Amino acid sequence: MNPPKHVVIVGGGTAGWMTANLLRHRWARLGVEVTLIESADIATIGVGEGSTPFLRHFFRTLDIAESDWMPACDATFKCGIRFPGWSSVPGYESYVHPFFNEADRELGNQFFTNACLRRRGQAADANPQDFFLAAELARQCRAPVNQVDSPGMDYAYHFDAGKLGAFLRTHAVGLGVRHIVDTVARVEQLENGDLAAVHPKSGARIAADLFVDCSGFKGLFITETLGEPFHPYRDNLFNDRALAMPTPLATADDIPSETVSTALRHGWAWRIPLTSRYGNGYVYSSDFVSDDEAERELREHLGAAAGGVEARRLRMRVGRVKQHWRQNCVAIGLSQGFIEPLEATALMLIQLSVEQFIADLEGDHFGRARQAAYNERVNAMFEGVRDYVVAHYQLNTRRDTDYWRANRANRNISDRLASLLDVWDRGGDFEAELERHGAGLMYLRPSWYCLFAGMGRFPAELRAAPHAITAAQARRRLHEMARAFRAHRSYLTVVS
Ligand SMILES: Cc1cc2nc3c(=O)[nH]c(=O)nc-3n(C[C@H](O)[C@H](O)[C@H](O)COP(=O)(O)OP(=O)(O)OC[C@H]3O[C@@H](n4cnc5c(N)ncnc54)[C@H](O)[C@@H]3O)c2cc1C
């Protein structure tokens, strides 16, 4: 088989432009033409402002420096996510899921030891926010960048979604991607089911041999044209609505270097710091609260800063299609699926899906022999992320609303997650259990420890553990280590 001559991508959201950049970057040398069509009448989702560390690899692949894209997108550094209010266990009312690095080796190991002691009923401090450097950097509003150098530091970003899309568009067009602003009105299919061409409203016919669906939740190619069934995660994840409300950032204030995801009565609220403003929002379930009540709750949470700010109301289709690559079409982004944004994983799944697609297509000399394996792999990635997100809800210890009680009581969880919870609670070999599930978990050992321990999932009765390092001792060490790192706001001016 030969490489495709022409790829048509429909959709100019973050998924469309990330895909256009990656495909053109990889295949320009093979003479593959890439066209992206986006509608001026159908808005992009306009949210999606936090990343995982994978986004660093995305920019490295494209050879784009932080100093090029970060100032253009009002971007800031992200050391991790803080979760206040998810647990009511004393000492665990707030915890952090940090990004990990070399400097964590010693205190991180002590955290694992303490968590295991505590799991087996011994009194040891085991809140991750006391043991990981990224948590301390965030506490001090520092960038994850050492004054001298930063070997092994891992971090992610916050950014303005609209500006990131615009930046990626300019870059893609620079790489030779053809950009058409028009609305696709009809999709033409061949007898064998393959897509043949799209017909935009302007009347043109645009033919291609490979099609990428980046059209958002509706899935113009994958769902509306090919009729691919959708596999909802509604039984596992109840949230189906979101509100977005930006608020001002005072120019004199420090800029936090973490996302804060605060549990409210019927879901959770995000706060994402940019250089120009805060992105805020509330993710909740329409089974438990009305949109109006959710908006009142979010306004109350944000306080005076939300005065006069309009709330955008969003619906979320949570789950995934069964096959992401079908016929000569691959779905990327919201069209392929979405897991609520608690761990800010959507852009990571976009990136991993495109990279895997390129690898599988090239690996079979541009044939379709690996289609089934690709679909299995991408489904496994989605299920891996889903289980980690579901675990937050399983582990919550709030008692204030039916929403939190129902989440905790929900038995519609995967066997894998049920088994992880069981081994943890029994004081069994958690390491072996994590290893048993291997790469399918998506999240590595430290993330699982931080989540289970951070929620305070421990026996209530405790015996003394004489040799455990205390939180106060660990915090003193972190405080010293953090002094070598740059203040976040002032370092952002260096990057620009
Ligand atoms: C509340 C919320 C919070 C989120 N937070 C995060 C986060 O923190 N981190 C993260 O990684 N992700 C997050 N996401 C997900 C993230 O926003 C999306 O994954 C990302 O923006 C990609 O969206 P998309 O490009 O697939 O779709 P969209 O942004 O919806 O873009 C769809 C595109 O398709 C075009 N289109 C549709 N129909 C046609 C047609 N007929 N003809 C031509 N063009 C058409 C539209 O014009 C548009 O350009 C969040 C999502 C939600 C809902």
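Here are some questions and answers about the ligand site and a pocket in this predicted model.

Me: How many residues surround the ligand?
Reply: Let's start with the shell, where a residue counts if one of its heavy atoms lies within 4 Å of the ligand. The closest residues are Ile42, Val47, Gly50, Val184 and Leu347. By class, the shell has 18 nonpolar, 12 polar and four charged residues. The number of residues that surround the ligand is 34.

Me: Which helix or strand gives the most to the shell around the ligand?
Reply: Good one! α1 (14-27), β2 (33-38) and α9 (346-363) each supply at least two residues. The one that gives the most, with three residues, is α9.

Me: How much of the ligand's accessible area does the protein cover?
Reply: Some polar backbone atoms lie beside the ligand: one of glycine 50 is 2.7 Å from a ligand nitrogen, and one of leucine 334 is 2.9 Å from a ligand oxygen. On its own, the ligand has 1,000 Å² of accessible area. The share of this area that the protein covers is 97%.

Me: Which element supplies the largest share of the lining of the second largest pocket?
Reply: This pocket has a volume of about 680 Å³. Of its 29 lining residues, the closest to the centre are Phe100, Asp154, Leu444, Pro446 and Ser447. Elements that each supply at least two lining residues include α2 (54-61), β5 (94-98) and α4 (105-119). The largest share, four residues, comes from α4.

Me: How many residues of that pocket's lining are charged?
Reply: The lining of the second largest pocket can be divided by class. There are 14 nonpolar and eight polar residues, and the number of charged ones is seven.

Conventions. Residues are numbered from 1 along each chain as its sequence is written. This is a predicted model: local features need pLDDT of at least 70, side-chain atom pairs count only at pLDDT 80 or more; totals for chains, interfaces and linings use all residues. Side-chain values use heavy atoms; hydrogens and water are left out. A polar contact is a pair of N or O atoms within 3.5 Å; within protein, one must be able to donate a hydrogen and the other to accept it, and residues adjacent in sequence count only if both atoms are side-chain atoms. Accessible areas come from the Shrake-Rupley method with a 1.4 Å probe; for residues, only the protein chains shown count as cover. Ala, Val, Leu, Ile, Met, Phe, Trp, Tyr, Cys and Pro count as nonpolar, Asp, Glu, Lys and Arg as charged, and the others, Gly among them, as polar. On a 1 Å grid over the protein atoms alone, a cavity is a set of points where a 1.4 Å probe fits but cannot get out, and a pocket is an open set with protein on both sides within 12 Å along at least five of seven lines; lining residues have an atom within 4 Å of a point. Grid points are joined across faces, edges and corners, and a volume is the space filled by probe spheres set on the points.
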